[in-house]
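Reader: I'm new to this one and would like a close look at a single part. Could you pick a spot on the inside and walk me through what surrounds it?

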Amino acid sequence: MTTTHRFDTLAVHAGYEPDPATGAVMPPIHLATTFAQQGPGVHRGFEYARTDNPTRRLLERCLADLEGARFGLCFSSGCAALATVLHTLGPGDHVVCGDDVYGGTHRLLRRVMEPLGVGADFVDLTEPRRLREAMTPRTKMVWIESPTNPLLKVLDIAALAEIAHAAGARLGVDNTFATPALQRPLELGADLVLHSTTKYLNGHSDVVGGFVATNDEALAERLRFLQNAIGAVPSPFDCFLVLRGVRTLPVRMRRHCESATQLALWLAAHPAVERVHYPGLPSHPGHALACRQMRAPGGMISFVVRGGLPAARALLESTRLFTCAESLGGVESLIESPPLMTHGSIPAAERERVGIVDGLVRVSVGLEDVDDLRDDLAHALEVTSRGAR
Ligand code: P1T
């Protein structure tokens, strides 16, 4: 098995060969917390399970291969992964972050890192030149999502990498929404790629986890040190589950994308819907860039319902198949209100400036029959608009 295989093959095989001792085609889950040493410091590569663990090592290799990376590190959540990455920075350093990011990313920068002396500015980076304007001599990191959460903006990763590098900063890309099945940021010039493996990579809504990959050896070494020192590592069982989930990632992503495209087109023509954000729609401002940068537009859609917050609330209370819940990327379809739920930790004025309006609703399109999903939204939108009349 080599990394020259095509993506679908890699997804099935990366990181693991049948066990030479037993022939087992799936790896064992190594639950041991400590490993016997022949003498102090003399061992087979494993000492203590926070530092390294055979099941985690398999997943790290697998996910790094999928991102086309030399190095990969797993964490206990996406937020833990980002917190560890941000600890490569110190007082006086500055981050330029895309203005539309997961609420927890915003919270980590504003309320955890800023009091520690790491400044952050949140900037709309859909026009790459805005990055040049926002960079200061102290900017060490540019942090983006593409597509963004929740507005599905598409950012030009290659152009932003060039600008960041010219000023001596690193570009980190949160690739949670796209997954490596659709987009590989390191190949576009990013220095770091991050995932909440809680989402599509695991894909079954039963693990919270995070992952970071890089090709920069010195950075990987620093992250390895911080991973052990901070200790926000995943359990071996969770690593096994993510490894298992990843095997079907390309198949799942194809279906997520097909169904989301159909639903986005249908929503865009619905009278109760004011506006649809989906990179697969030709009317989306980032559509051409998405066609260049991504293999397909993804399984996430957000849209604005007419009638503001009361209408959004009624919609979330009226779906039967779409479950009202945070998170995304699982086999089941979810619906949520960013201002009330995932992005509630961002101050209202800042949310409004970014465009996270009260009527915004986000859906994670699952693997159910797309006609059932459309019928469910049709029924719920009918109930919602009846209430508004
Ligand atoms: O939940 P956790 O595994 O810690 O991952 C945080 C995170 C990081 N990056 C992106 C793009 C994310 O969407 C998330 C988590 N997001 C949700 C829970 C959500 O519903 O948007």
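Author: Let's start with Val246, which touches Ala11, Cys62, Leu63, Leu66, Leu201 and Arg252, leaving aside residues up to four places away in sequence. Keep in mind that this is a predicted model. Val246 also belongs to the largest nonpolar core, a set of 38 residues. Along with Leu59, Leu63, Leu66 and Leu249, Val246 is among the residues with the most contacts inside that core.

Who else chips in? Helix H1 (7-13), helix H2 (54-66), strand E7 (210-214), helix H8 (236-246), helix H9 (249-268) and helix H10 (287-293) each supply at least two residues. H8 gives the most, with six residues. Domain 1 (7-246) and domain 2 (250-388) are both in on it, each giving at least three residues. As a general picture, nonpolar side chains in soluble globular proteins tend to be buried together.

There's another core apart from this one, with 26 residues, including Ala260, Leu263, Leu315 and Val363.

While we're on the inside, have a look at the aromatic rings too. The count comes to one aromatic pair. Phe35 and Phe46 make up that pair, a tilted one, with 5.5 Å centre to centre and 35° between the planes. Both sit in the loop between H1 and H2, eleven residues apart. Are these two buried or exposed? Phe35 is buried because its relative accessible area is 18%, under the 20% cut-off. Phe46 counts as buried as well, at 15% relative accessibility.

Key
Residues numbered from 1 in each chain as written. Predicted model: local features only at pLDDT ≥ 70, side-chain atom pairs only at ≥ 80, totals over all residues. Heavy atoms only, no water. Phe/Tyr/Trp six-rings, centres within 6.5 Å; stacked < 30°, edge-to-face > 60°. Helix = DSSP H or I, 4+ residues; strand = E, 2+ residues; numbered from the N terminus. Buried < 20%, exposed > 50% of the residue type's maximum accessible area, 1.4 Å probe, protein only. Core = buried A, V, L, I, M, F, W, Y, C linked by side-chain atoms within 4.5 Å. Domains from an automatic or database assignment. Contact = heavy atoms within 4.5 Å.
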